[in-house]
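Work through the exercises below with the sequence and the 3D structure at hand. Try each task before reading its solution.

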Amino acid sequence: MTESDYNPNDPEFLASCALDEPLSGDAKAKLDEALDASNDVRSLGEQLGAIDRLVKWWGRRQPNIDWKDYTRLVKARVESIGEEDQLDAVDSLMSRWASSQPIIDERRFESAVMDRIGRDGFANVRRRIIFRIGASLAAAAAIAIVATGLFRSNPSDLRFVQVAIGPPGRAASTYGPSSALAVVSFDRTPPIRKITGRQSSLSFLAMGSSPLGGLMEESPPL
Amino acid sequence: MDESAASEMNLVRRAQGGDADAFADLVRLYQRRAVSVAYRLVGNVEDASDVSQDAFVRAFRCLDQLDDPARFGPWLMRIVSNQALNFRRSRSSRAAASLDDMIGDPGEARRPATGMKLATDEGDETGPLPVELHDVISQALATLPDKQRLALVLFSVEGMPQKEVAEVLECSIELVKWNVFQARKKLKELLQEYL
């Protein structure tokens, strides 16, 4: 039942009111009539009275606090209201400032971002490939030179160093005998649109001074 | 108009003029009832203290909106009630101990708030209400619609006159009686085994 169900002649309502104050003549007559006619109303009235006593009993538990301290706190807050208002005003100003959003053409913005990602990504991949190949070649050549004793005094002992570039596994096997072989192998360059995906890898074979035949181990990707 | 009412009106007028000392006197006059009402609605002492303090500060800010200084008490209780009910509604996201927490864990109700104690008024017909029963009644009250709970708390527990309760609830005296009746009827169903 809600307030819209309010019925001043409801016997149960009158029984509840009778707990709080003496009813007016008319209301009392109605309640007496209802009590005579039905024990249910009498029983309900008694139960409502029991509830009222229980609620009052429940309400006896009082919060026990330091009232002097309480008064002092409230007074201090009241006295600092001017300052609080100023801080509130700053908060309000900041909120309004933060709520103003720049107006942009979202489609153009997204398109521009994607264009830049594509262009920069492509340039980065190219730079990485050049650097890795160059570094690998230089390292392979340097190691091969040292290993084969390239700088011997007798020109007839001069050995050739062959540098091969190719995919892993193929690079070493497709080249003929030589005094030394430095092999640089690499995976395929990943698609430009997947810059953060697969990385290109480079590896080179460790080399020896004997003619090829016994191939050497391929290093792990750099 | 009796002397105390005239004195209170004088304090309200002075406070409306910005006199913090006069307002502090009003706080002293009403703080027990304000905290008590808030406590019945939010369920623990610390929150009741905070909520009622906020209500006093709000009242001070809005004093110029109080047309009749003689109605300061009910007007203040309306602010306290609204603050407490708003606090209840927003409490679900807060970690503070609450009435709902006490319902979920009856042991919580036995634990006084930090630095504060719950005092039980003795000398009644049957002694202090057992803690368990206190929690059961708190739980039952918490299920009542705001207006019914408020009507019952202000009228039956705080003993405010129906006229003042009507001012707080912004309704007629007859509807105060009706809300009290509805609250009692629902509690009768919820607390049947304790009757």
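**Exercise 1: two helices of chain B**

α2(B) passes α8(B) in a right-handed crossing, that is, with the near helix turned clockwise from the far one by less than a right angle (anticlockwise would be left-handed). The model is predicted: local features need pLDDT of at least 70 and side-chain atom pairs pLDDT 80 or more, while totals for chains, interfaces and linings use all residues. Residues are numbered from 1 along each chain as its sequence is written, with chains lettered from A and ligands numbered from 1 in the order in which they are written.

Task: State which residues make this contact, and how the two axes are placed.

Solution.
- Step 1. On α2(B) the contact uses V37(B), R40(B) and L41(B), and on α8(B) it uses V153(B), L154(B) and V157(B). Two residues are in contact if their C-beta atoms, placed from the backbone, lie within 7 Å.
- Step 2. Five of these residues are nonpolar, none is polar and one is charged. Ala, Val, Leu, Ile, Met, Phe, Trp, Tyr, Cys and Pro count as nonpolar, Asp, Glu, Lys and Arg as charged, and the others, Gly among them, as polar.
- Step 3. The axes of α2(B), residues 20–42, and α8(B) come within 10 Å and cross at roughly 135 degrees. Axes are lines fitted to C-alpha atoms, for helices over the stretch in contact, and angles run from 0 to 180 degrees between N-to-C directions.
- Step 4. The two helices α2(B) and α8(B) are therefore oblique to each other. Angles under 35 degrees are roughly parallel, over 145 roughly antiparallel, 65 to 115 roughly perpendicular, and the rest oblique.

**Exercise 2: a helix of chain A at the contact with chain B**

Task: Describe α3(A) and find what its buried residues pack against.

Solution.
- Step 1. α3(A) covers residues 39–58 and has 20 residues. Helices (H or I, at least four residues) and strands (E, at least two) are DSSP runs, numbered from the N terminus.
- Step 2. The buried residues of α3(A) are G45(A), L48(A), I51(A), L54(A), V55(A), W57(A) and W58(A). Buried means that 20 or more other C-beta atoms, placed from the backbone, lie within 10 Å of the residue's own (exposed: 12 or fewer; partly exposed: in between).
- Step 3. These residues pack against α1 of chain A together with α7, α8 and α10 of chain B.
- Step 4. The contact between the chains takes 34 residues from chain A and 44 residues from chain B. α3(A) gives the most to chain A's side, with ten residues.

Technical notes. The expected span of a helix is 1.5 Å times one less than its number of residues.
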